[in-house]
Amino acid sequence: MPGMTSDAGEFGSLSVVPHSLDAQAARVYPLRTHRATPPFARLSISWARGNTLRVTLLQSDDAVSEQSVGGEVVEVKLAEADGGEISDARWRRIAYGSVAPFALLQSRKSSIDSFHYEKDWWEHVMDYSKEISSLLGNSKSSATPMIEDPKTVLRAVEEPTSVKAAWELLEMFYADKQSQTWIPERLLDWLADFDCLFSGTQPTVHSKLVAFQKELVTIQAVENHPEYWEVISSALAIGWLDVVVKLLRLHGSYMYDQLGSREIENGLVEAVALLISQMPRLRPDLPTEKLGECYNTKPEFMKAWEKWRGQITKLDCSAFWLQCDHQQTRVGLKNMLQIMLGNASLLSNVTCHWMELYISHFLYIRPFTVGLESMYSLAEKCMHLKPISNRHKLMGLALGILEENTEVVLAECSRSFGPWMITHALELLTAGSAQAENLLHEEQSKLGGICIEELHRLTYAQILSSHALTWNIAPIYLTSCMKQGMGLLENLLYNQPVQHHQVLLKSIEICRLNGLDRVSDDIMKIAGVHYWKHGKKGSAVFWLQQAQDDVRLNRIAKHLFDFVGKSVSDESFKQWEGMIELLGTESKTAGGLEFLKKYRDFRRSLQQVQDGITTDNARKAAEALISLMRNPSTPQQFWLPLLYDSLKLLNWKESPLLNVSETNILLNKLQELSLAKLLPGFVASDLPSDALKSVRLALATNLGRAFLLD
Amino acid sequence: MLSLSHTHTHTHQKPKPQRPDPKTPKNHQLHHSTMAITSSHPIQIHKLPQHTYIDALRWLPHLSTFTRHIILATYDSDTSTPLLQTCTLSSPSQTTPSLTPQSTAAAPSRITSLKVCPSPSAPSKPLVAAATVSGAVLFYSADLVNGSLNFEFSVPEKGFHSGPVSGIDLNDNGLECVSVGEDGRVNLVNLSVNKGFRRVFDSNGLVSYSSVKWASPFEFVTGAFGFGLHLWDQRKPGGPVALFKDNWTGGTASGIVHSIDIHPSRKHTCLAGGSYGTVFAWDTRWPKKPILLSGLGVNENPHANSLVESDIWEVQYDNYTHPSNINSSSSSKILPAMICSEDGILAVIEQGEEPTELLAEPCAINSFDIDRQNPSDVMCSLEWESIAIITRP
C-alpha cells in the first residue's frame, strides 16, 4: 500500500485489528488474442469495468496487410490468486438473493412508527436474518438415509462456509432476542455446525472425529483403542451427546456373543450412556436427533441439574467399577463421569482450542453464565488456558462480540468477510445494540459527513456496480444512502454504456423507478447522439424525441434534409415512410423534422395529381405547396425543388390554382433564394440549370392569369 | 433510518406490494434452491439456478414423453464466453426437475434472438437459428438422439447486417429465415438452396427494427421504434405493404415493440408487446384500429388491465386452456397471450379479463417459452442467472 511502508510497524500497533500487509507474489495473466498477432508496436492499458483491465494492442505498420487487422482490444480479468471459499457465481447468487430481504427491511424501517419500533422490530430483523442466512447455504443435511450405518458417527453434510458461521454468530447475539436466555446452548449448536471450519488452521474435535471414523471401519474391538476413549471424551466435553452415545454403543460389550461374559461392563457403559442422554439442558427445545432433556426455566433446570449430578456422583462411587475387568473401559468411563462433573483440567485436556474449552465450561462448570461481561471473562480465561497460535477469523469476530466492542466487530466483518457481509450485517448490529446504532448512524466528519452505515453501503454498491450482471442491483443500496446515494446513482447511470440497447433500457427503467426524470432525459439524449453518429437515424430521432430535445432535433434535421434533398426521387422516398411514421402526431416534439411530414403529404397529393387529373386534387396539392412555402421550418434548399416539382400545378390549364397574393409569396421566395446564393453556406440543388428560369416563367404566367381572374 | 422520501425507491424490483391473487407464488425462500410450491398449489414452480446469464431459451420438439430437451443461449460473465447449450430436462412435473447439459457450441458473440423449428426431413434433428450481437445468424441442427449440436452454416457475409441483429424468425417449413436489425435492414436467408441471403429492404438507418415474425409463407411483420409495425409481402417488393402507428398515447410517450407473435390460425392479427407494459393486437384488415390489451392508454379502455408498467420483453399466444374455461373463448376475441416483463411478471392476459399472474419475481424475466406440444409447461429465464420451470395443472 503506498505511503504506508515507512510507518507500517506503528500502524500495526495502533490498529484495532491486526492487518497483514504481506507483499503478494506477482501474477502472470496471459493475453489471449484472436486475430492480432505479435509483434505489437504499441500497447495501452486502461481500466475497464470492475477489476478488469482493457489492453489495446496495436500492430506495427509493416505487419498490417489487407488480410490482417491493425490491432485488437482484449480484456484481462484480475482475479484473486485463490478462488476463495465462495465462487464468483455463488457470490452473485447471494447478492441477488439478499436484495429482496434488504429492500423489504428498509421499507419496513421507514414505515414502522416509533411506538412499535422497539417492540416488534427485532422480529422483522429476524425474518431478514433468516432469509439471508438461508442464502448462505444449508448447514443441515437435507435427506436422512433410510438405513443408517451404525459406524457413521458423523453425518456428511455440505461443507459450511465461514460467512454463514459469522452470520449465525451475529444473528445469535444481536438479532435473536428469544435466544438471549440460552446463548450458551446456542453457541454449542453453532460450534457443532461450524467446528469443522477451524480444522484448517488447528486441531479440532471435529477433525479428530473425522480421522477416527476413517479408522473405525478397520478396527475390531474399539474399546481396546485409546483413541476411542479419547474421541469419546472430547465429543462429550463439547456436548455432542448423540455422537457420544452412538460411539458408546459400538462398545464390544454390546456384541451378542460377549454380552454374557461382560454383563457388568456393559451395564456400566449403558448407565453412562443413559446419564448422558438424560443430561438437563437449559433451552426450550432440541432437534429430534439431539439428546438431553430440555428445561425452559432456570429453577427447573437447576433442580434437574443437581439431581443429574447426584446420579453421576452415585454412579462414580458405585461398587460395580471394581467388578469391571476391562481396564480401558473402566478408566474411559470414569473419565467421562469426571468430565460431566466438570473437572476443569480434564476438560482442558480433551478439548482442542479455546472455543471448545469455552463450550465445555458452559456445559459442565458454569451453565448459568449470563451476560456478555461474564461470558467475555470466561472466554479470556479459556484463551489463557489454550493459547492460540493462529487466530481464526471467526474467533476474532466472536471475541469482538463478547467484548462488546462494535469497532472490532465491524473491522473483523469487513476484513474477513468483505463488503457484502458488513453491509448486510449492519442491520443486525443496529437492531441489537444501542451503542452500535449510535456509532453506525453518527455522522462522521472524517468520512465527509456520512455515517459508517452509509459508507459501507456505498462501498458495497461500488462493488456491485463494477460487474456487468450486478450493477443494476446497486441502485437498491444507493437509494438507501441518505447523503451520497442519489449522487452516486446518477453517476452510475451516466456511466452505463448506451450502445447496448438492453443496458440503455435498464438505465431508463431505473430512472423511472427512482423518479430521476432529468437523468433519464440526459441518457436518452446521449443515446440519441450515439445512434445518430452511428447512422441509425431512426433510433436517434426516437430517443431525442423521447427526451424532448428540440435543440438537437433541429440540428439533426438540417443534416437529414441534406440527405433527402440529394435523393428526392419517389422510389427512395419510400424508405422515409417509416421515419415519418415515427415522428407521429402533431403534438409530439419533432422540431424541424415536422417539415418531413408536410413534405410527405405534399408529395402524396402531387402524386395523385400526376396519376389522375382532377382540379380538386390539384387544388389540394397547391394548398399544401403554399403551406409548405409559408412554413418557416421548410429548409431553403427545398424551395426550388418544391417549386420545380410543382410546375404542373403552376401551369394548370383549366384555371390558375394560386391567387395573386399566393403567387407573390412564391415569387418573394424565389427572390430570397437568389439573394441567398450570394451568401456562404448556400446549398445548390442538383436540378437542371434552367429550373429557376422555368419556375420564374411559370410563376409569372400564373400571376398574369390570376390578375385576369380577379 | 431512512427518510420517507426514499421509501418509494424501494419498490424498485422488490418488495412488490402483495397482490391479492392467491395463485401468485410470493415465496421469498425460492431464491436459492429448487423447491416446489406446496402440493395444494395448482401451479408448480421450480427454480434452477445457473452460473451464467441466460440470453434466450427455447423448448426443443419432443422426442419421447420422458425426456425433454431445451436449448439455452448463455453468457458466462466470468470468462466472457457466449454459448449455445442443449440440455435434457428431467420431467418437469416431477418434484425436483433437473437440467443436464448435453452438448454445447461456442457462439462468436452474445445471442440476441433464438428460434427453433422442427426439421421437416428429420424429426429428431430440429433446426436452431441464433442471431448475434455481432450481426450474424447461425444455424445449427440439434441432434436429440445423439445429444449433439451440429453447426450447419452462418451468414456473416459482408453487408448482411451492420451491428446487432435484433430479431429473426424461421418460416414454418424451416426453409426461410427473416432477419431484422437496428441498422434498418430486412434480410431473408434461404436455408434450402444457396444458403445465402437476399436483401428485402434497407432503410439506411432511418428505421431501426427490433423484432420480426412470419405471418404466412409470403408475409411477415416487423416491429420498430415508436410502436411501429410494418407488414411486408415478398410478392410486393420495395417496401412495407401496410404501416401501423400507435394512436392511443396521444403523442405523450412512444415506445419500442420488443416482441411480436402471430397465431397460425389467425394470420391477420398481430400481437405486439413493448415499452410501458403495452400489449396490443393489430388486425391488418383494420390497420387504424389497434386493440390495446395492456399498457398506458388503458384508462380509456376499461377492459384492458395494466399489470405491468415496464418493458414487456416477450409475448406469445398461450394456447393452453384449462378444462374449466374452455367455453369462454369466442372467435371475435383476441386469444389469450402470455407476457414476461422487466418488473418480473410472467402472466397471461386476455381481452376483457383480469390478467392471471403466474410468477412475480424481484428481478426481470427476460424471456420465456411455452412448450408448443405440451402448453401446460412454460419456462422462463430470470435476470438473476436462473431458469424457472412452470407446470400448470
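Start by selecting Pro97(B), which is buried at a relative accessible area of 3%; buried means under 20% relative accessible area, exposed over 50% and partly exposed in between, with a 1.4 Å probe and protein chains only. This is a predicted model, in which local features need pLDDT of at least 70 and side-chain atom pairs count only at pLDDT 80 or more, while totals for chains, interfaces and linings use all residues. Residues are numbered from 1 along each chain as its sequence is written, chains are lettered from A and ligands numbered from 1 in the order in which they are written, and side-chain values use heavy atoms, with hydrogens and water left out.

**Chain B: two loops**

Pro97(B) sits in the loop between strand E4 (81-90) and strand E5 (99-106) of chain B. Helices (H or I, at least four residues) and strands (E, at least two) are DSSP runs, numbered from the N terminus. Add His46(B) to the selection: its C-alpha atom is 7.3 Å from that of Pro97(B), although 51 residues separate the two along the chain.

Go next to Glu385(B), in the loop between strand E27 (377-382) and strand E28 (386-391) of chain B. Most residues other than glycine have a negative phi. Glu385(B), which is not a glycine, has a positive phi of about 50 degrees. Its relative accessibility is 3%, so Glu385(B) counts as buried.

**Chain B: two salt bridges**

Side chains of opposite charge can pair when their charged atoms come close. A salt bridge here is a side-chain nitrogen of Lys or Arg within 4 Å of a carboxyl oxygen of Asp or Glu. The whole structure has 41 of them over all chains.

Select Lys47(B) and Glu361(B), which form a salt bridge with their closest N and O atoms 3.0 Å apart. Lys47(B) is in strand E1 (residues 44-49) of chain B and Glu361(B) is in the loop between strand E25 (356-360) and strand E26 (365-370) of chain B, so the pair ties together parts 314 residues apart in sequence. Both Lys47(B) and Glu361(B) are buried.

Then select Arg68(B) and Asp377(B), a salt bridge whose closest N and O atoms are 2.8 Å apart. This pair links distant parts of the chain, with Arg68(B) in strand E3 (residues 67-76) and Asp377(B) in strand E27 of chain B, 309 residues apart. Arg68(B) counts as buried at 6% relative accessibility, and Asp377(B) counts as buried at 2%.

**Chain A: charged groups on helices**

Move to chain A and select Lys109(A), Glu427(A), Glu453(A) and Arg457(A), which are joined into one network by salt bridges that share partners. For a pair within one helix, pick Arg415(A) and Glu412(A), whose closest N and O atoms are 3.3 Å apart in a salt bridge. Both lie in helix H18 (residues 406-432) of chain A, three residues apart, or about one turn of the helix. Which of the two is buried? Glu412(A) counts as buried at 1% relative accessibility, whereas Arg415(A) is partly exposed at 36%.

**Chain A: helix H22 and a loop**

Select helix H22 (residues 485-494) of chain A; its buried residues are Gly485(A), Leu489(A), Glu490(A), Leu492(A) and Leu493(A). They cover an arc of only 160 degrees around the axis, which puts them on the same side of H22(A); the arc is that of the directions from the helix axis to the C-beta atoms. Their cover includes helix H20 (452-465), helix H21 (474-478), helix H23 (501-514) and helix H24 (517-533) of chain A.

Further along, Gln548(A) lies in the loop between helix H25 (537-546) and helix H26 (550-566) of chain A. Gln548(A) has a positive phi near 50 degrees, in a residue other than glycine. At a relative accessible area of 54%, Gln548(A) is exposed.

**Chain A: the strands**

Finish with strand E1 (residues 40-47) and strand E2 (residues 52-59) of chain A, which pair in the antiparallel sense over seven bridges. Two strands pair if DSSP finds at least two bridges between them. Leu43(A) stands opposite Leu57(A) in E2(A). The hairpin has four residues between the strands, and in it Gly50(A) takes a positive phi near 65 degrees. E2(A) is also joined by seven bridges to strand E3 (residues 71-77) of chain A, running antiparallel. Across that pairing, Thr56(A) stands opposite Val73(A) in E3(A).

Conventions. Contact = heavy atoms within 4.5 Å.
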